[in-house]
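Fancy a guided walk through a structure you haven't met before? Have a look at it below, then try the exercises with pen in hand.

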Amino acid sequence: MIEGASKTRVEVDAQGKRATYDEVVVGTVLGEMDWVVTEDMVELQCRLDLDYDEFYSLNSPWGARIAPPQITYRPPRWLLSRTYNVRGLFYKWQMENVRPIRIDEQLHVICRITDKYVKNDREYIVYSAEATDTKGEVVFRTERVHVLDVLERTAPRAGEGIDTGIKAERI
Amino acid sequence: MAVAVLKSSVAVGDVLPEIARQFRLEDFKRKDEQTIHTDMAAAQREGLAAPVAIGPQVASLIFRQLREAFGPGWLEGGTCSITFRRPVLVTDFCVARGKVTGTSSEAKGVRVACDVWIENQRGEKVIVGSASGILPQT
(Lines give C-alpha, C1' and ligand atoms only; values in the text may rest on other atoms or scores of the structure.)
Protein backbone atom coordinates (compact mmCIF):
# COMPACT_ATOMS: atom_id res chain seq x y z
CA MET A 1 0.00 0.00 0.00
CA ILE A 2 1.47 3.33 -1.03
CA GLU A 3 0.55 6.22 1.22
CA GLY A 4 -1.24 8.98 -0.66
CA ALA A 5 -1.50 7.03 -3.89
CA SER A 6 -4.86 6.42 -5.51
CA LYS A 7 -6.42 2.98 -5.19
CA THR A 8 -8.59 3.45 -8.25
CA ARG A 9 -7.52 3.55 -11.87
CA VAL A 10 -8.05 6.80 -13.69
CA GLU A 11 -11.27 6.85 -15.69
CA VAL A 12 -11.12 10.30 -17.28
CA ASP A 13 -8.72 13.20 -17.69
CA ALA A 14 -8.77 16.54 -19.44
CA GLN A 15 -8.72 14.78 -22.82
CA GLY A 16 -11.79 12.69 -21.99
CA LYS A 17 -12.25 9.03 -21.16
CA ARG A 18 -9.13 6.90 -20.86
CA ALA A 19 -8.90 4.07 -23.36
CA THR A 20 -9.71 0.67 -21.85
CA TYR A 21 -8.08 -2.66 -22.60
CA ASP A 22 -11.20 -3.89 -24.39
CA GLU A 23 -11.21 -0.85 -26.66
CA VAL A 24 -7.67 -1.48 -27.89
CA VAL A 25 -7.96 -3.64 -31.02
CA VAL A 26 -5.01 -5.70 -32.23
CA GLY A 27 -4.28 -4.88 -35.87
CA THR A 28 -5.45 -1.29 -35.61
CA VAL A 29 -3.29 1.05 -37.63
CA LEU A 30 -2.54 3.90 -35.27
CA GLY A 31 -1.78 6.15 -38.16
CA GLU A 32 0.95 7.45 -40.39
CA MET A 33 2.91 10.65 -40.30
CA ASP A 34 5.64 12.45 -42.18
CA TRP A 35 8.40 13.48 -39.82
CA VAL A 36 11.40 15.74 -40.35
CA VAL A 37 14.04 15.89 -37.63
CA THR A 38 15.37 19.43 -37.33
CA GLU A 39 18.55 20.83 -35.82
CA ASP A 40 16.57 22.19 -32.89
CA MET A 41 15.08 18.76 -32.18
CA VAL A 42 18.50 17.12 -32.20
CA GLU A 43 19.96 19.77 -29.93
CA LEU A 44 17.10 19.38 -27.47
CA GLN A 45 17.41 15.58 -27.51
CA CYS A 46 21.15 15.83 -26.81
CA ARG A 47 20.51 18.28 -23.98
CA LEU A 48 17.81 16.15 -22.37
CA ASP A 49 19.99 13.05 -22.46
CA LEU A 50 23.37 14.76 -21.93
CA ASP A 51 24.35 12.79 -25.02
CA TYR A 52 26.78 14.81 -27.10
CA ASP A 53 28.82 13.69 -30.06
CA GLU A 54 30.48 15.34 -33.04
CA PHE A 55 28.17 13.33 -35.31
CA TYR A 56 25.13 14.95 -33.67
CA SER A 57 26.54 18.47 -33.44
CA LEU A 58 28.88 18.97 -36.42
CA ASN A 59 29.07 16.37 -39.16
CA SER A 60 29.13 12.62 -39.64
CA PRO A 61 30.27 9.96 -42.13
CA TRP A 62 26.68 9.90 -43.41
CA GLY A 63 27.13 13.29 -45.07
CA ALA A 64 25.30 15.45 -42.54
CA ARG A 65 24.62 15.85 -38.86
CA ILE A 66 22.61 12.92 -37.58
CA ALA A 67 20.16 12.43 -34.73
CA PRO A 68 20.72 10.29 -31.64
CA PRO A 69 18.83 7.02 -32.28
CA GLN A 70 16.65 7.51 -29.20
CA ILE A 71 14.93 10.43 -30.90
CA THR A 72 12.84 7.73 -32.58
CA TYR A 73 10.95 7.19 -29.32
CA ARG A 74 8.49 9.95 -29.98
CA PRO A 75 6.61 9.51 -33.29
CA PRO A 76 5.20 6.06 -32.44
CA ARG A 77 4.10 7.35 -29.02
CA TRP A 78 2.43 10.34 -30.66
CA LEU A 79 0.60 8.03 -33.05
CA LEU A 80 -0.57 5.84 -30.14
CA SER A 81 -2.02 8.91 -28.44
CA ARG A 82 -3.75 10.11 -31.59
CA THR A 83 -5.91 6.98 -31.43
CA TYR A 84 -6.10 6.07 -27.75
CA ASN A 85 -6.08 8.26 -24.65
CA VAL A 86 -3.47 6.24 -22.72
CA ARG A 87 -1.29 7.42 -19.82
CA GLY A 88 0.16 4.31 -18.11
CA LEU A 89 3.86 3.54 -18.20
CA PHE A 90 6.42 2.44 -20.77
CA TYR A 91 7.30 -1.24 -20.14
CA LYS A 92 9.39 -2.63 -23.01
CA TRP A 93 11.31 -1.02 -25.85
CA GLN A 94 12.89 -2.73 -28.83
CA MET A 95 14.73 -0.68 -31.41
CA GLU A 96 16.67 -1.38 -34.56
CA ASN A 97 18.82 1.40 -35.97
CA VAL A 98 18.89 0.40 -39.60
CA ARG A 99 20.71 3.63 -40.41
CA PRO A 100 21.03 7.08 -38.80
CA ILE A 101 18.50 9.85 -39.36
CA ARG A 102 20.05 12.85 -41.09
CA ILE A 103 18.90 16.29 -40.07
CA ASP A 104 16.18 17.70 -42.33
CA GLU A 105 15.50 14.47 -44.20
CA GLN A 106 11.88 13.44 -44.52
CA LEU A 107 10.73 10.18 -43.01
CA HIS A 108 7.39 8.42 -43.14
CA VAL A 109 6.32 6.59 -39.99
CA ILE A 110 3.55 4.01 -39.77
CA CYS A 111 2.43 2.44 -36.51
CA ARG A 112 0.00 -0.30 -35.52
CA ILE A 113 -1.21 -2.28 -32.52
CA THR A 114 0.34 -5.74 -32.80
CA ASP A 115 -0.69 -7.47 -29.58
CA LYS A 116 -2.17 -7.09 -26.13
CA TYR A 117 -2.05 -9.27 -23.04
CA VAL A 118 -2.70 -9.44 -19.31
CA LYS A 119 0.13 -10.30 -16.94
CA ASN A 120 0.30 -10.00 -13.16
CA ASP A 121 -3.19 -8.50 -13.19
CA ARG A 122 -2.12 -5.64 -15.41
CA GLU A 123 -3.07 -4.82 -18.99
CA TYR A 124 -0.41 -4.42 -21.66
CA ILE A 125 -0.61 -3.29 -25.26
CA VAL A 126 2.06 -3.84 -27.90
CA TYR A 127 2.60 -1.47 -30.81
CA SER A 128 5.14 -1.48 -33.60
CA ALA A 129 6.37 1.16 -35.97
CA GLU A 130 8.56 1.42 -39.02
CA ALA A 131 10.04 4.53 -40.60
CA THR A 132 11.06 4.77 -44.24
CA ASP A 133 12.87 7.43 -46.23
CA THR A 134 11.69 9.02 -49.47
CA LYS A 135 13.10 6.06 -51.41
CA GLY A 136 10.98 3.70 -49.33
CA GLU A 137 13.98 2.23 -47.55
CA VAL A 138 13.66 1.40 -43.87
CA VAL A 139 15.47 3.75 -41.47
CA PHE A 140 14.32 2.36 -38.13
CA ARG A 141 12.00 -0.23 -36.63
CA THR A 142 10.66 -0.36 -33.12
CA GLU A 143 8.28 -2.32 -30.91
CA ARG A 144 6.93 -1.05 -27.62
CA VAL A 145 4.94 -2.51 -24.76
CA HIS A 146 2.91 -0.11 -22.67
CA VAL A 147 1.07 -0.94 -19.44
CA LEU A 148 -2.27 0.83 -19.44
CA ASP A 149 -2.31 1.56 -15.71
CA VAL A 150 0.08 1.52 -12.78
CA LEU A 151 -2.61 -0.22 -10.71
CA GLU A 152 -3.96 -3.73 -11.18
CA ARG A 153 -6.83 -4.26 -13.59
CA THR A 154 -9.01 -5.39 -10.68
CA ALA A 155 -8.82 -1.86 -9.24
CA PRO A 156 -12.01 -0.01 -10.18
CA ARG A 157 -11.81 2.65 -12.89
CA ALA A 158 -13.23 5.70 -11.16
CA GLY A 159 -10.72 8.47 -10.66
CA GLU A 160 -9.92 11.62 -12.59
CA GLY A 161 -6.38 12.01 -13.86
CA ILE A 162 -4.32 15.17 -13.92
CA ASP A 163 -1.75 13.99 -16.45
CA THR A 164 -3.17 13.05 -19.81
CA GLY A 165 -1.54 10.68 -22.22
CA ILE A 166 -2.19 13.09 -25.06
CA LYS A 167 0.55 15.69 -25.21
CA ALA A 168 1.84 18.25 -27.62
CA GLU A 169 3.80 16.49 -30.37
CA ARG A 170 7.26 17.82 -29.65
CA ILE A 171 10.58 16.49 -28.46
CA MET B 1 33.44 11.71 -32.47
CA ALA B 2 31.76 8.35 -32.06
CA VAL B 3 34.80 6.09 -32.11
CA ALA B 4 34.20 2.59 -30.77
CA VAL B 5 35.83 1.83 -27.44
CA LEU B 6 35.44 -1.90 -28.07
CA LYS B 7 37.56 -3.68 -30.68
CA SER B 8 36.60 -6.71 -32.76
CA SER B 9 38.90 -8.81 -30.59
CA VAL B 10 36.40 -8.29 -27.76
CA ALA B 11 35.67 -11.37 -25.63
CA VAL B 12 32.67 -12.68 -23.74
CA GLY B 13 32.63 -11.08 -20.31
CA ASP B 14 34.30 -7.84 -21.38
CA VAL B 15 32.53 -4.86 -19.86
CA LEU B 16 30.98 -1.87 -21.63
CA PRO B 17 31.73 1.71 -20.59
CA GLU B 18 29.71 2.80 -17.56
CA ILE B 19 27.53 5.91 -17.89
CA ALA B 20 26.17 7.51 -14.71
CA ARG B 21 23.78 10.35 -14.03
CA GLN B 22 22.27 11.98 -10.98
CA PHE B 23 18.72 12.87 -11.99
CA ARG B 24 16.85 15.87 -10.69
CA LEU B 25 13.21 16.92 -10.91
CA GLU B 26 14.20 19.75 -13.26
CA ASP B 27 15.48 17.20 -15.78
CA PHE B 28 11.89 16.16 -16.51
CA LYS B 29 10.06 19.48 -16.56
CA ARG B 30 8.51 20.61 -19.84
CA LYS B 31 7.03 24.06 -19.66
CA ASP B 32 4.26 24.15 -17.05
CA GLU B 33 2.74 20.72 -17.65
CA GLN B 34 1.53 18.79 -14.60
CA THR B 35 2.70 15.27 -15.33
CA ILE B 36 3.46 12.08 -13.43
CA HIS B 37 7.11 13.02 -13.98
CA THR B 38 6.92 16.39 -12.24
CA ASP B 39 3.88 16.62 -10.02
CA MET B 40 3.09 14.67 -6.82
CA ALA B 41 -0.68 14.89 -7.19
CA ALA B 42 -0.58 13.80 -10.83
CA ALA B 43 1.61 10.82 -9.93
CA GLN B 44 -0.53 9.77 -6.97
CA ARG B 45 -3.73 9.92 -9.05
CA GLU B 46 -2.18 7.15 -11.17
CA GLY B 47 -1.29 5.03 -8.13
CA LEU B 48 2.35 6.04 -7.91
CA ALA B 49 4.01 7.02 -4.65
CA ALA B 50 5.81 10.00 -6.17
CA PRO B 51 6.82 11.45 -9.54
CA VAL B 52 8.79 9.03 -11.68
CA ALA B 53 11.50 9.68 -14.25
CA ILE B 54 10.71 9.68 -17.96
CA GLY B 55 11.63 6.15 -19.06
CA PRO B 56 13.37 7.00 -22.35
CA GLN B 57 15.45 9.67 -20.62
CA VAL B 58 16.75 7.08 -18.17
CA ALA B 59 17.22 4.50 -20.91
CA SER B 60 19.35 7.00 -22.80
CA LEU B 61 22.19 6.11 -20.43
CA ILE B 62 22.26 2.74 -22.19
CA PHE B 63 22.20 4.39 -25.62
CA ARG B 64 25.14 6.63 -24.66
CA GLN B 65 26.93 3.52 -23.44
CA LEU B 66 26.30 1.74 -26.74
CA ARG B 67 27.48 4.76 -28.75
CA GLU B 68 30.70 4.78 -26.77
CA ALA B 69 31.10 1.01 -27.07
CA PHE B 70 30.37 0.66 -30.78
CA GLY B 71 30.64 4.14 -32.31
CA PRO B 72 29.20 4.08 -35.85
CA GLY B 73 28.35 0.40 -35.37
CA TRP B 74 25.65 1.41 -32.89
CA LEU B 75 24.25 4.19 -35.04
CA GLU B 76 23.96 1.97 -38.11
CA GLY B 77 23.00 -1.64 -37.44
CA GLY B 78 22.63 -1.41 -33.67
CA THR B 79 19.78 -3.15 -31.86
CA CYS B 80 18.46 -2.88 -28.33
CA SER B 81 15.68 -4.55 -26.36
CA ILE B 82 15.03 -3.38 -22.82
CA THR B 83 12.46 -3.80 -20.06
CA PHE B 84 11.59 -1.13 -17.53
CA ARG B 85 11.40 -3.31 -14.43
CA ARG B 86 10.63 -0.68 -11.82
CA PRO B 87 10.03 3.05 -11.77
CA VAL B 88 12.98 5.40 -11.31
CA LEU B 89 12.31 8.32 -9.00
CA VAL B 90 13.15 11.76 -10.31
CA THR B 91 16.00 12.20 -7.84
CA ASP B 92 17.59 8.78 -8.28
CA PHE B 93 21.22 8.18 -9.21
CA CYS B 94 21.51 5.72 -12.08
CA VAL B 95 24.39 3.98 -13.81
CA ALA B 96 24.30 2.00 -17.05
CA ARG B 97 26.41 -1.13 -17.12
CA GLY B 98 26.90 -3.94 -19.59
CA LYS B 99 28.97 -6.92 -20.60
CA VAL B 100 29.64 -8.83 -23.78
CA THR B 101 27.76 -12.13 -24.17
CA GLY B 102 28.78 -13.23 -27.66
CA THR B 103 30.11 -12.37 -31.08
CA SER B 104 29.27 -13.41 -34.63
CA SER B 105 30.59 -12.51 -38.06
CA GLU B 106 28.50 -10.50 -40.50
CA ALA B 107 29.17 -8.96 -43.87
CA LYS B 108 29.73 -5.57 -42.24
CA GLY B 109 31.98 -6.82 -39.44
CA VAL B 110 31.60 -8.49 -36.07
CA ARG B 111 28.26 -8.26 -34.34
CA VAL B 112 28.77 -8.10 -30.61
CA ALA B 113 25.90 -9.08 -28.32
CA CYS B 114 25.69 -7.65 -24.82
CA ASP B 115 23.61 -7.69 -21.69
CA VAL B 116 22.83 -4.13 -20.65
CA TRP B 117 21.20 -2.77 -17.52
CA ILE B 118 20.76 0.29 -15.34
CA GLU B 119 21.16 0.22 -11.57
CA ASN B 120 19.91 2.81 -9.11
CA GLN B 121 21.71 3.98 -5.98
CA ARG B 122 20.39 0.95 -4.07
CA GLY B 123 21.93 -1.43 -6.59
CA GLU B 124 18.52 -2.41 -7.95
CA LYS B 125 18.34 -3.18 -11.65
CA VAL B 126 15.64 -0.79 -12.86
CA ILE B 127 16.12 -1.44 -16.60
CA VAL B 128 17.45 -4.69 -18.05
CA GLY B 129 17.90 -6.00 -21.55
CA SER B 130 20.17 -6.91 -24.39
CA ALA B 131 21.76 -5.02 -27.23
CA SER B 132 24.13 -5.44 -30.12
CA GLY B 133 26.41 -3.39 -32.30
CA ILE B 134 28.82 -3.94 -35.14
CA LEU B 135 32.58 -3.56 -34.97
CA PRO B 136 34.81 -3.50 -38.05
CA GLN B 137 36.92 -6.57 -38.72
CA THR B 138 40.57 -5.97 -37.94
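Here come some exercises on this predicted model, each with a worked solution.

**Exercise 1. Get to know chain A: state which elements it has and in what pattern they run.**

Start by counting: chain A holds 3 helices and 8 strands. Next, follow the sequence, and you'll read off β-β-β-α-α-α-β-β-β-β-β. For the overall dimensions, the C-alpha atoms of chain A fit a box of roughly 55 × 35 × 25 Å along the principal axes. Finally, ask how much is tucked away: 38% of the 171 residues in chain A count as buried.

**Exercise 2. Do the same for chain B, and check how confident the predictor is.**

Chain B has 3 helices and 5 strands. Going from the N terminus, their pattern is β-α-α-α-β-β-β-β. The C-alpha trace of chain B spans about 55 × 30 × 20 Å along its principal axes, and 47% of its 138 residues are buried. Now for confidence: the average pLDDT of chain B is 94, with 99% of the residues scoring at least 70. For the complex, the predictor reports an ipTM of 0.95 and a pTM of 0.95.

**Exercise 3. Work out the strand order in the open sheet of 3 strands in chain A, and find its edges.**

Step one is the order, which is 2-1-8, with mixed pairing. Step two is the edges: strand 2 (16–17) and strand 8 (157–160) of chain A each pair on one side only. Step three is to look at one pairing up close. Strand 1 (residues 9–13) and strand 8 of chain A run parallel, joined by 3 bridges. If you want a spot to zoom in on, A:Val10 has A:Gly159 in strand 8 of chain A as its bridge partner.

**Exercise 4. List the buried residues of helix 3 (residues 74–83) of chain A and say what they pack against.**

The buried residues are A:Pro75, A:Pro76, A:Arg77, A:Trp78, A:Leu79 and A:Leu80. Now look at what lies against them: strand 3 (29–36), strand 5 (106–119), strand 6 (122–132) and strand 7 (138–147) of chain A.

**Exercise 5. Describe the side of chain B that touches chain A.**

First, the head count: 35 residues of chain B are in contact with 35 residues of chain A. Then see where the chain B residues come from: helix 1 (40–45), helix 2 (55–70), helix 3 (72–75) and strand 2 (79–84) of chain B each supply at least two. Helix 2 of chain B gives the largest share, 8 residues. Sorted by class, this side of chain B has 16 nonpolar, 12 polar and 7 charged residues.

**Exercise 6. Follow strand 2 of chain B and find its strand partners in both chains.**

Begin across the interface. Strand 4 (residues 89–97) of chain A and strand 2 of chain B run antiparallel, joined by 5 bridges. Here A:Lys92 stands opposite B:Thr83.

Now stay inside chain B. Strand 2 pairs with strand 5 (residues 125–135) of chain B, again antiparallel, over 6 bridges. In that pairing, B:Ile82 has B:Gly129 as its bridge partner.

Last, compare the two faces of strand 2 of chain B. B:Cys80, B:Ile82 and B:Phe84 make up the covered face, while B:Thr79, B:Ser81 and B:Thr83 make up the uncovered one.

**Exercise 7. Find which residues touch the most other members of the largest nonpolar core.**

This core has 72 residues, and the answer is B:Ile62, B:Ile118 and B:Ile127. Helix 2 of chain B contributes the most to the core, with 8 residues. Take B:Ile127 and skip its neighbours within four places in sequence: its contacts include B:Val58, B:Ala59, B:Ile62, B:Ile82 and B:Ile118.

**Exercise 8. Decide whether B:Lys7 is buried or exposed, and place it in chain B.**

Count the C-beta neighbours of B:Lys7 inside 10 Å and you get 12. The cut-off for exposed is 12 or fewer, so B:Lys7 counts as exposed. To place it, look in the segment before strand 1 (19–22) of chain B. Beyond the neighbours within four places in sequence, B:Lys7 is in contact with B:Leu135 and B:Thr138. As a final check on distance, B:Lys7 and B:Lys125 lie 118 residues apart in sequence and 27 Å apart in space, C-alpha to C-alpha.

Terms used:
Residues numbered from 1 in each chain as written. Chains lettered and ligands numbered in written order. Predicted model: local features only at pLDDT ≥ 70, side-chain atom pairs only at ≥ 80, totals over all residues. Contact = placed C-beta atoms within 7 Å. Helix = DSSP H or I, 4+ residues; strand = E, 2+ residues; numbered from the N terminus. Nonpolar A, V, L, I, M, F, W, Y, C, P; charged D, E, K, R; others polar. Pairing = 2+ DSSP bridges. Buried ≥ 20, exposed ≤ 12 C-beta atoms within 10 Å, placed from the backbone. pLDDT = per-residue confidence, 0-100. Core = buried A, V, L, I, M, F, W, Y, C linked by C-beta atoms within 7 Å.
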